[in-house]
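Q: Please take me through this structure step by step, and set each value beside the definition on which it rests.

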Amino acid sequence: MNDLNNKLNDILSRVNGIKITHKRNRRVRVDVPADSLTTLLELIKGQASYVHLSAITCVDWIKDNEFELVYHVWSYEENCLISAHTRIDRDEAKFVSVYDLYKPADFFERDIYEMYGVFFIGSPRMEKFILTEWHGMPPMRKDFDSEAYVQETFNWTEYNPDWLQELTDQGGGIAIKPEDIRLSGCLHNMATHRQRDKLKATQKVGKGWKS
Amino acid sequence: MRPENYQAVQLGESNEYEIFIGPNHPGIEGNYALKLVLDGDIVVKGTTDAGYLHRGFEKLMEGRLWIQNLAIVPRICVPDPAPMEVSYSLAVEEIMGIEAPIRAQWIRVMQLELSRVAAHLFTFGGHAATTGMYTPMYWGVADRDLVLDLFEDFTGGRVYSIYNIPGGVRRELPNGFLEKLSNLLDYLESRQNDYDNLLFTNQIFVQRAKGVGILSKEDALDYGVTGPNLRACGLAFDVRRDDPYLVYDQLDFDIPTQQAGDAWARILVRRDELFQSIRILRQVIEKLPTIKGPIRTPIPNPLSWNVRAGEAYARVESSKGELAYYVVSDGGDKPYRVHVRGPSSMHAVQTLEYLAKGARLEDVAQIMFSLDACPPEVDR
């Protein structure tokens, strides 16, 4: 195991600006600057048999104004997973594709392009895939507030069919106030105060659930 | 997303036609479509069209407490939900630096293997049905139901158990449960002959499945194929053995492989895996009564539970292949990011497009099902 680690460390240490962390058995985390990432992947694929791209993850660090891209690569021979972390500028949101090294990158890069708006130069299919009918901002970005979007777009108080009206007349209906829901503490956290106020103003609260 | 046409459309002056298979098609395990360009009945090009099941799970999870997400994760794959719960729990445990008690780990193994048995029984029937053979489907679903009865017994839920929690499992097994499990395993083993006669040695099925959708080992590695689909190409890789989690390193089981890489090889690998799962479950029945102790490591009050900052990549072997959760915490009461790496995201898109090319229209449904893709893993 130590030989193996030494060999891997030798290969990894050839990459500029690399920081290696052995997290636990079979898990290695490396942090590299964005311009060294493809060098790193080429090295570990070509010289250390890391042929399986398990996933590419994008994390939106909005406070740092950066996207973090994480490449999880597995070696069938050494049974070890390298997670290569790199950060790119959030405003520019552009990076190079690794499709020529790993074919599965096609799927992951298209997914990230769609959900985060990061454009991968050289990726074969930079187009809509899952959200073909969506024209707003990439929804997985942290500044897209899905709950606010729902509040603005849909109005459930308009939904008042006859059967519900009858129930309400008998003292039933949709009568659970948000603060009466059992997990009110977490719901309180989830909705911002602004949305809660708006909710209170618009929601028709029925009677009879709790006197 | 929505098919532009429901009838075959001729493309220009050529002999080529464009048609949609799906999104609702008896040959698909869920909702996704394949847009095909056909020349006669030969597929010139296939393009996967997903998104019909997108429910924004990853975004939802960022807005919910760590504990609330346990109710969301199993819904990402209906036929095989247990690996989702376990994988999420393992990732959170790794960030927190805790480990489930040994008894809980054995119970988790039992749940995972039962779920694999249920998923494979479902797949046999579905695969057979794509060749026009419906009896294995009825049998598979009926036998799967017996496994679901057991799930109901020890978790309370038939399909979505929501049984795991970071730190262990939620309930102790009911009295006499292991006996029931043992009886079920006896029954499933007694069915082996029937299944073999009906399906696995049935020449009509064998001739339809052999040589369809051939994937070479090199291509499988190229396209990121994992699980039974990879083992059907001759590579004996299994996360349970090669990246062991829970107590799999203490269990004795084989990794079935086939060399041909076609639809026939893939269903044979699943058949053999089913019996390996039974073998594992027998070991669990033997071992579990000897392990006493708690089933949960205490966690803080779930409503004010902050997981310390960190990240973890937890992989498990689901019935479809390598399933992984990448979870990032910034120290808050909700996950900062959860990424689900479903095995089907590789199988249902690029691999399927590659295999569909050059296939005959009548085989497309079989190729789709033989890859055993679970579309919600693509859409999430």
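A: Two residues are in contact if their C-beta atoms, placed from the backbone, lie within 7 Å. In chain A, 55% of the contacts with a separation of 6 or more are made by residues 24 or more positions apart. This is a predicted model, in which local features need pLDDT of at least 70 and side-chain atom pairs count only at pLDDT 80 or more, while totals for chains, interfaces and linings use all residues. Residues are numbered from 1 along each chain as its sequence is written, and chains are lettered from A and ligands numbered from 1 in the order in which they are written.

Q: Which elements does chain A contain, and what makes a stretch count as one?
A: A helix is a DSSP run of H or I with at least four residues and a strand is a run of E with at least two, numbered from the N terminus. Chain A has 7 helices and 7 strands, and from the N terminus on they follow the order α-β-β-α-β-β-β-β-α-β-α-α-α-α.

Q: What makes E4(A) and E5(A) a pair?
A: Two strands pair if DSSP finds at least two bridges between them. Strand E4 (residues 66-75) and strand E5 (residues 80-89) of chain A are joined by 10 bridges in the antiparallel sense, and so they satisfy the definition. Among the partners, Tyr71(A) is bridged to Ala84(A) in E5(A), and Leu69(A) stands opposite Thr86(A). E5(A) also pairs with E2(A), here in the parallel sense over 5 bridges, and Arg29(A) is placed opposite Ser83(A) in E5(A).

Q: Why are E1(A) and E3(A) said to stand at the edges?
A: The sheet is open, has mixed pairing, and is built from 5 strands in the order E1-E2-E5-E4-E3 of chain A. Strand E1 (19-24) and strand E3 (52-61) of chain A each have a single partner strand, so one side of each lacks a neighbour in the sheet. Neighbouring strands of this sheet are turned against each other by 20° on average, with direction ignored.

Q: Which helices of chain A lie on these strands, and at what angles?
A: Helix H2 (residues 37-48) of chain A lies across strand E2 (27-31), E4 and E5 of chain A and runs at about 165° to E5(A). Helix H3 (residues 105-116) of chain A packs on the sheet by touching E3 and E4 of chain A, and its direction makes about 15° with that of E3(A). Such angles run from 0 to 180 degrees between N-to-C directions of lines fitted to C-alpha atoms (for helices, over the stretch in contact).

Q: What makes the phi of Asn79(A) worth a remark?
A: Most residues other than glycine have a negative phi. Asn79(A), however, has a positive phi near 50°, and this residue is in the turn of the hairpin that E4(A) and E5(A) form with 4 residues between them.

Q: Is Asn79(A) buried or exposed, and what about Arg380(B)?
A: A residue is buried if 20 or more other C-beta atoms lie within 10 Å of its own, exposed if 12 or fewer, and partly exposed in between. Asn79(A) has 15 within 10 Å, and is therefore partly exposed. Arg380(B), which lies in the segment after helix H14 (376-379) of chain B and has a positive phi near 55°, counts as buried because 25 C-beta neighbours are inside 10 Å. Across chain A, 28% of the 211 residues count as buried.

Q: How do you know that H12(B) is not straight?
A: At 1.5 Å a residue, a straight helix of 13 residues would span 18 Å, but H12(B) spans only 16 Å between its end C-alpha atoms; the expected span is 1.5 Å times one less than the number of residues. H12(B) bends by about 30° at Gln350(B), the bend being the angle between axes fitted to the seven residues ending there and the seven starting there. Just after H12(B), Gly358(B) has a positive phi of about 90°.

Q: Why is H12(B) called mostly covered, and what covers it?
A: Of the 13 residues of H12(B), 11 are buried, including Met346(B), Val349(B), Gln350(B) and Leu355(B). The buried residues pack against H3 of chain A, and also against strand E3 (33-39), strand E4 (42-49), helix H9 (228-231), helix H13 (361-370) and H14 of chain B.

Q: How many residues of each chain meet, and which elements of chain B take part?
A: In all, 31 residues of chain B are in contact with 30 residues of chain A. Helix H1 (57-62), helix H8 (217-222), strand E8 (322-329), strand E9 (337-341) and helix H12 (344-356) of chain B each supply at least two residues of the side that touches chain A.
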